[in-house]
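Student: I would like a close look at a single part of this protein. Please take me through one sheet and the pieces that go with it in your account.

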Amino acid sequence: MEALVGTIGIALSNPPLIFCCLLFPLILQLWLVMADGKEDPAVFTSTCLPSDPRLLATVTNAYLGTRVYRNILHVNGVYNGAVGDTHRADIPSPVNVKMTVPDGDVPVETFSLNTRTGTFSHKLQSPSYTATHRIYAHHSLVHLMAFSITIRRSAGTSQPITVQLQTPFVPKSQDLDLQQGPDFQGAHYVYGQTLVPEVEGGPQPTVHMLWTPVPQAVTLYEEEQEQRWEFLTAVAESEEEAKRSYSEGLARMAAGSLHSSHTRAWAALWRGCCMDLKGPLPLRQAIYGCLYYLLSAIPPQDTPGFLFHGISPGGLSNGTRGEDYWGHIFWDQDTWMFPNILLFYPRAARAILEYRIRMLEGALLNAQEQGYEGAKFPWESAATGREVCPEDIYGAQEIHITGDVLMAFEQYYYTTQDQKLFRTDGGWELVNAVAQYWCSRMVWSEEEQCYHIRGVMPPDEYHHQVDNSAYTNAVAQRSLNFAASIARDFLIPVPEEWVECAKKVKVPFDAVRKYHPEYDGYSPGEPVKQADVILLGFPLMHPMHPEVRRNDLVMYEPVTELSGPAMTWSMFAVGWLELKETQRAQGQLNKCFSNITEPFKIWVENSDGSGAVNFLTGMGGFLQAVLFGYTGFRITKTNLRFDPAFPSDVNKLEVTGVSYLGSKLKFTITKEEIRIGATKCPLHPPLEAVLEESGQRFPLHEGQSISFPTAAGCIQRAPSKGL
């Protein structure tokens, strides 16, 4: 408020032209703030665009994505190029349109990303008219992107109003052999196959695209008060689907429901999944921004048969050759993004796991080529599951990815008890293959009387060819323990090798200093690139005394690269929250804000602006700091634990749509009280909340809420009567 008033005071001393261009929108904004009393944390608005085009807002769904005002878009799972050169295929974007007005007209210009509706808007406002350009990737009709131009005249005006539409669109691609087809229902049509498969004999999908031709200008004539022009782009891997989607879009346009059906889909998404808190506005904005960009990437609900191809660090808006890791899939998906998706939308989480199951054949070949049994998931994955990392050292040594993949399967199983995924849909074959890989990767040390895993690169990529990475060995141990556990659930004999390797694999520990060295031979004080050992506490939940947990945090915090990958400090925050050192936790989480850019809350991988942009990995870590840090949520074999801890400037947290064993729960947490409501609870007997210290039990019935003083506890299935 003070900044607005101060700016207005400055504007009053400027010439009339500046008064029209600057003072009018500021007065309007001031009035809106005063009328509403607060700023909407879910809407990001600016009077200018960032100078770096990489930081423009993105509009994506599970299948299509682009940055606004970018000349290319991408399709989920469509790659071009062989092995390390494989990248998201560039598809020319008909939605890259910029709205301008004739020279001499100086309207007020605003750009806005509404995360509640999944819509980017550009508005030109003058005393005589308002022109609005709206662009979105349709959330439920995933093969459609659309934009509209609306001109509305002000009262007392009658002259024609013309808005020019600038588009550099040319239907050519460096990655597709595009050919022109016949027009369809007023749309132009091109189609073409990717040029180079990932591996010999690998997929070379054909992309079909239909789009509404864009005129050079649109005009609102004298007799018209308001007019809207809508433009469609349909993209699919079959001509039939592209035409069906385009026709459906036209039908909704005719009914006036194209955009409203998109916003309804987003409204339903937010109803089933939201986090908000009573606390600092930048923190609330960061949460909404992270949720928007992550939710944009997941499959829509109720879309059976939709084949999902995973989430890359920069999402579908990025991933051309040389950009954002070429659109490849890393552990970023399974470790950093997946837990948030799982707790809100387990069906979307399942789609991620199904992608990994489809890549199992490639993972089996990866292990075989390196001389091991079972399945080794690639450090970088694309369309086949083969290793596509351009630099061999990462693909050969950063093997913790295989355990990261299986940890996602474990979290899913314990959260959903979806046995079908494992019994009939390929999950067990993947679990079994990962367990075989870890056993074949271990060697017995006669000297130490334990199993070693040698010659690896830990998550801390400053070090390579090390032996017994604490994180790698701990995640391998967790893989084997889960494989044995689920085998017992399914009455499958457990190989003794799995049990022995899990029991006797070395996880380095310094008994004198009472901390975990990062690997054999690590010296305290050596620089570390990113979160590594501290991940033993979370998400691995490796057994350790709180003193050891604290020592790990203290040991690695000062030597971890300050400008390193954005997800790092979120995990330090989770660790300090576990130990109830809330202000120290918030100090770590605050470091993340140097990775959030204005005005659209796009994350950069590194705080100096380098690395991936729209860095969903960092967003995923940040969301986990709230969803698992502030709440203390932990997914275990038998329950969902909670143990809240807030910093001093957060007074209340609401988490809507927590999914556990088929139920949907809403948590409202303050420093004094926890309230849990069950919006959906199909279980019989129902879930119950159990307090850790007192053992007090609270049944959770659909449509009802329970409350109790804030304390640690868990959500679990209530025992059957008579037991």
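Tutor: What follows is a walk through one sheet, then a helix pair, a single side chain and a run of paired strands. Keep in mind that this is a predicted model.

Start with the sheet. Five strands make it up, and the sheet is open. Their order is 19-24-25-26-29. The pairing is antiparallel. Which strands sit at the edges? They are strand 19 (274-278) and strand 29 (705-709). Each of these pairs on one side only. From one strand to the next, the twist averages 15 degrees.

Now zoom in on one edge. Strand 19 pairs with strand 24, which covers residues 652-660. The two are antiparallel, and five bridges link them. One pair of facing residues is easy to find: D276 is opposite E654 of strand 24. As a general rule, strands of a sheet pair through backbone hydrogen bonds, either parallel or antiparallel.

Next, the helix pair. Helix 5 spans residues 281-295, and helix 18 spans residues 616-630. Their axes are 9 Å apart, and the packing angle is about 120 degrees. Angles of 65 to 115 degrees count as roughly perpendicular, and those over 145 as roughly antiparallel. Helix 5 and helix 18 are therefore oblique to each other. The crossing of helix 5 past helix 18 is left-handed.

Which residues of helix 5 meet helix 18? They are L283, A286, I287, G289, C290, L291, Y293 and L294. From helix 18, the partners are L616, M619, F622, L623, V626 and Y630. Sorted by class, this contact has 13 nonpolar residues, one polar residue and no charged ones.

Now a single side chain. T416 belongs to helix 10, residues 400-416. The T416 side chain reaches the backbone nitrogen of D418 at 3.1 Å. Leaving aside residues up to four places away in sequence, T416 touches L342, P346 and L661.

Last, the run of paired strands. Strand 14 (residues 179-184) and strand 15 (residues 187-193) run antiparallel, joined by four bridges. G181 has Y189 in strand 15 as its bridge partner. Strands 14 and 15 form a hairpin, with two residues between them. In that turn, Q185 has a positive phi of about 50 degrees. Strand 15 also pairs with strand 16, residues 206-211. Here six bridges do the joining, and the strands again run antiparallel. V190 is opposite M209 in strand 16.

How values were computed
Residues are numbered from 1 along each chain as its sequence is written. This is a predicted model: local features need pLDDT of at least 70, side-chain atom pairs count only at pLDDT 80 or more; totals for chains, interfaces and linings use all residues. Side-chain values use heavy atoms; hydrogens and water are left out. Two strands pair if DSSP finds at least two bridges between them. Axes are lines fitted to C-alpha atoms, for helices over the stretch in contact, and angles run from 0 to 180 degrees between N-to-C directions. Angles under 35 degrees count as roughly parallel, over 145 as roughly antiparallel, 65 to 115 as roughly perpendicular and the rest as oblique. A crossing is left-handed if the near helix is turned anticlockwise from the far one by less than a right angle, and right-handed if clockwise. Contact means heavy atoms within 4.5 Å. Ala, Val, Leu, Ile, Met, Phe, Trp, Tyr, Cys and Pro count as nonpolar, Asp, Glu, Lys and Arg as charged, and the others, Gly among them, as polar. A polar contact is a pair of N or O atoms within 3.5 Å; within protein, one must be able to donate a hydrogen and the other to accept it, and residues adjacent in sequence count only if both atoms are side-chain atoms.
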